[in-house]
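Please look at the sequence and the 3D structure shown below before reading on. The report after it is plain text with one small table.

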Amino acid sequence: MGPQPLPWREATDPWPDCYCGQQGCIETLLSGPGLAAEHKARTGRSLSAAQIALAAAQGNSACIATLERWHHRLARALAHVINLLDPDVIVLGGGLSRVASTYEAVPTLWGRWVFSGGLKDPVRTALRPSVHGDASGVRGAAWLWRP
Ligand SMILES: [Zn+2]
């Protein structure tokens, strides 16, 4: 997604400087280091994104909350993509694409920012992790991060 600001910014969003010279870029906010930095700012604890994801899966409430905030930001970023491109499927790559809860949580969140959303016209875009060698037949896919 690169140098684009996170859409529908909220007061509680971190808005870090990005290497590109801007602030609040999607790539920086939604990266593993971005997740870890936000967790540290909130809790004072230094954990990697993988450690946060593991602890959340094991029921750690602080890590669950961090992951929920990250899912909320990811849902806004992907809603922006859906509004622009209306893809059949969005494929997530990178280390955080292995966070299993993302594929249940984010599609329940993004409808509020998708203009075609709502009960009568639900979002049809699917959210999937990247799977090596299993991309045939995927049409209209949007690759967001380098695997
Ligand atoms: Zn940037």
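What follows describes the fold, the core, one helix, the metal site and a few single residues.

**Basis of the report**

This is a predicted model, in which local features need pLDDT of at least 70, side-chain atom pairs count only at pLDDT 80 or more, and totals for chains, interfaces and linings use all residues. Residues are numbered from 1 along each chain as its sequence is written, and side-chain values use heavy atoms, with hydrogens and water left out.

**Overall fold**

The chain has 5 helices and 3 strands. Helices (H or I, at least four residues) and strands (E, at least two) are DSSP runs, numbered from the N terminus. Along the sequence their order is α-α-α-α-β-α-β-β.

Of the 147 residues of the chain, 44% count as buried. Buried means under 20% relative accessible area, exposed means over 50%, and partly exposed lies in between (1.4 Å probe, protein chains only).

A contact means heavy atoms within 4.5 Å. Among contacts between residues at least 6 apart in sequence, 64% join residues at least 24 apart.

**The nonpolar core**

A nonpolar core is a set of buried Ala, Val, Leu, Ile, Met, Phe, Trp, Tyr and Cys residues joined through side-chain atoms within 4.5 Å. The largest such core has 33 residues, and the members that touch the most others are Leu 78, Ile 90, Trp 110 and Leu 127. Two or more residues each come from α1 (26-30), α3 (49-57), α4, β1 and α5. The element that gives the most is α4, with 10 residues.

**Helix α5**

Which residues of helix α5 (residues 102-109) are buried? They are Thr 102, Tyr 103, Val 106 and Leu 109. These residues sit on the same side of α5 because they cover an arc of only 140° around the axis. The arc is that of the directions from the helix axis to the C-beta atoms. On the other side of α5, Glu 104 and Thr 108 are exposed. The cover over the buried residues of α5 includes α4 (61-85), β1 (89-92) and β2 (126-129).

**The zinc site**

The zinc ion is coordinated at 2.2 Å by the SG atoms of Cys 18, Cys 20 and Cys 25. Donors are N, O and S atoms within 2.8 Å of the metal (3.2 Å for Na, K and Ca); water is not among the atoms, so sites may look incomplete. Along the chain, the donors of the zinc ion follow the spacing C-x1-C-x4-C. Cys 20 is partly exposed, with a relative accessible area of 34%, whereas Cys 25 is buried, at 1%.

**Two histidines in helices**

His 39 is in helix α2 (residues 32-43). Its relative accessible area is 1%, and His 39 is therefore buried. Not counting residues up to four places away in sequence, His 39 touches Gly 44, Arg 45, Leu 47, Ile 52, Ala 62, Cys 63 and Thr 66.

His 72 lies in helix α4. With a relative accessible area of 16%, His 72 is buried. Leaving aside neighbours within four places in sequence, His 72 is in contact with Glu 10, Leu 109, Arg 112 and Trp 113.

**Residues outside the helices and strands**

The table lists three partly exposed residues and where they lie.

| Residue | Place | Relative accessible area |
|---|---|---|
| Trp 8 | segment before α1 | 33% |
| Asp 86 | loop between α4 and β1 | 42% |
| Ser 116 | loop between α5 and β2 | 32% |

Trp 8 has a positive phi of about 50° although it is not a glycine. Asp 86 is not a glycine either, and has a positive phi of about 45°. Ser 116 is 34 residues away from Ile 82 in sequence, while in space the two are 9.2 Å apart, C-alpha to C-alpha.

**Aromatic rings**

A search of the whole structure finds 1 aromatic pair. Rings of Phe, Tyr and Trp (its six-membered ring) pair if their centres lie within 6.5 Å; planes under 30 degrees apart count as stacked, over 60 as edge-to-face and the rest as tilted.

Arg 9 lies over the face of Trp 15, at 4.0 Å from the ring centre. A charge sits over a ring if NZ of Lys or CZ of Arg is within 6 Å of the ring centre and within 35 degrees of the ring normal.
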